[in-house]
Amino acid sequence: MNSNPLCLVLGGKGFVGSHLVDALLSQGFRVRLFDRPGTVFLADACREHRNLEILEGDFTSESDISDAVAGCDWCFHLVSTTSPRSSNLDLVYDIETNLSGTVRLLHQAFHAGIRKVVFLSSGGAVYGPPLCLPISESHPTNPICSYGITKLAVEKYLGMFERLHGLEYMVLRISNLYGERQRTKSSQGAVAVFLGKALAGETIEIWGDGSVVRDYVHIADVITAIMAAARYQGPERVVNIGFGVGISLNEVITEIECAMGMKVSRTYVEGRAFDVPSSVLAIDCAKRALNWEPSITFPAGVRRTLHWLTRYKALSRSV
């Protein structure tokens, strides 16, 4: 491999991608960022970096993906066109864009000589309703939304391409991500959405009674895990990445109130069928294989996210 590998980051302008681009550049890697035209790049500080190439295109276009993978050593696949909520609304679209698009990518990656693909899967959707907690990588996979099914299918295709073509890969099943740069106007990402509403003085809408429990992991810890997975040379291929602790939606709001020093308005609406009551990941494999474990506690992560949102809003008003 080139002493200064070229890393392709698919979806590099977004929440996870922009943080990963920052991390790769800071460690001396060359980076090719691929994303949709017109997408706002969230990491303006590195936009003009000498080791950064920005390539815009369509993930479902064979020619665009062929251009993207050319000459690259590592590929970080962060692209998803759906969410757990939206995926069931158009199953064919979910399959055609996410699954077919990824299979097309793997064909191109193999022919381009890419050495390794790191794929961000879902630490909740692929498992479905848990039979036991915490959920280990050996837990049965019974997705109840198309998002989880396509993520799981991608994992299987990655395994097939390694067996048939020698294309190395790592799958990171990520729990509930949150942190700086996460969009506050979104259908997912409770911490950012709740903080955005709280800062705007709006009422926070909670699906169900607020007892739904999730495993929240800060973006900085996730980026460390992604970097470790890229360098990993052992036998593991699928690894959970989370904090390993469950926090309810009501507890999320309580922590936001502590960080803001004030009460926030909330209302409860009917729960959603695809929301499992509790999802907490076992992260022993990540600790053992990747020598990784999360370092940012939930209270600290909420304060960091709040600080960024407050500063970002102030900067936006000054422009």
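Here are some short exercises on the structure above, each with a worked solution.

Before you start: this is a predicted model, where local features need pLDDT of at least 70, side-chain atom pairs count only at pLDDT 80 or more, and totals for chains, interfaces and linings use all residues. Residues are numbered from 1 along each chain as its sequence is written, and side-chain values use heavy atoms, with hydrogens and water left out.

**Exercise 1: cysteines**

Work out how many disulfides there are, and why C7 is not in a bond with C72.

*Solution.*
- Step 1: Recall the idea. A disulfide is a covalent bond between the sulfur atoms of two cysteines. The cut-off used here is a pair of cysteine sulfur atoms within 2.5 Å.
- Step 2: Check C7. The closest cysteine sulfur to that of C7 belongs to C72 and is 8.0 Å away, so it's too far for a bond.
- Step 3: Check C72. Its nearest cysteine sulfur is that of C75, at 7.5 Å, and C72 is in no disulfide.
- Step 4: Write down the total: 0 disulfides.
- Step 5: Look at the surroundings. Buried means under 20% relative accessible area, exposed means over 50%, and partly exposed is in between (1.4 Å probe, protein chains only). C7 is buried at 0%, C72 is buried at 3%, and C75 is buried at 1%.

**Exercise 2: the setting of C75**

Find which strand holds C75 and which residues C75 is in contact with.

*Solution.*
- Step 1: Place C75. Helices (H or I, at least four residues) and strands (E, at least two) are DSSP runs, numbered from the N terminus. C75 belongs to strand β4, residues 74–77.
- Step 2: List the contacts (heavy atoms within 4.5 Å). Setting aside neighbours within four places in sequence, C75 is in contact with L8, L10, L105, I114, K116, V117 and V118.
- Step 3: Compare sequence with space. C75 and L20 are 55 residues apart in sequence, and their C-alpha atoms are 12 Å apart.

**Exercise 3: helix lengths**

Check the end-to-end distance of α7 and of α8 against the expected span.

*Solution.*
- Step 1: Get the rule. The expected span is 1.5 Å times one less than the number of residues in the helix.
- Step 2: Try α7 (residues 219–231). With 13 residues it should span 18 Å, and its end C-alpha atoms are 19 Å apart, which agrees.
- Step 3: Try α8 (residues 249–260). Its 12 residues reach 17 Å from first C-alpha to last, close to the expected 16 Å.
- Step 4: Pick out buried residues. In α7 they include I219, V222 and I226, while in α8 they include L249, V252 and E255.
- Step 5: See what follows α8. That's G261, with a positive phi near 70°.

**Exercise 4: aromatic rings**

Classify the W74–F76 pair and the Y216–F298 pair.

*Solution.*
- Step 1: Know what to look at. A pair of aromatic rings is described by the distance of the centres and the angle of the planes. Rings of Phe, Tyr and Trp (its six-membered ring) pair if their centres lie within 6.5 Å; planes under 30 degrees apart are stacked, over 60 edge-to-face, and the rest tilted.
- Step 2: Count. The structure has 4 aromatic pairs.
- Step 3: Take W74 and F76. Their centres are 6.3 Å apart with 85° between the planes, an edge-to-face pair.
- Step 4: Take Y216 and F298. With 5.4 Å between centres and 40° between planes, this pair is tilted. Y216 is in strand β9 (residues 213–218) and F298 in helix α10 (residues 298–318), so the pair ties together parts 82 residues apart in sequence.
- Step 5: Check burial. W74 is buried at 10%, F76 is buried at 1%, and both Y216 and F298 are buried.
- Step 6: Look for a cluster. F29, W74 and F76 form one.

**Exercise 5: backbone angles in loops**

Decide where R181 and N291 lie, and whether each is buried or exposed.

*Solution.*
- Step 1: Start with R181. Its phi is positive, near 80°, and it isn't a glycine. R181 is in the loop between β7 (176–178) and α6 (190–199), and is buried at 15%.
- Step 2: Move to N291. This non-glycine residue has a positive phi of about 55°. N291 is in the loop between α9 (284–289) and α10, and is exposed at 72%.
- Step 3: Add a peptide bond. The one from L133 to P134 is cis, with omega near -5°, and P134 is in the loop between β5 and α5.
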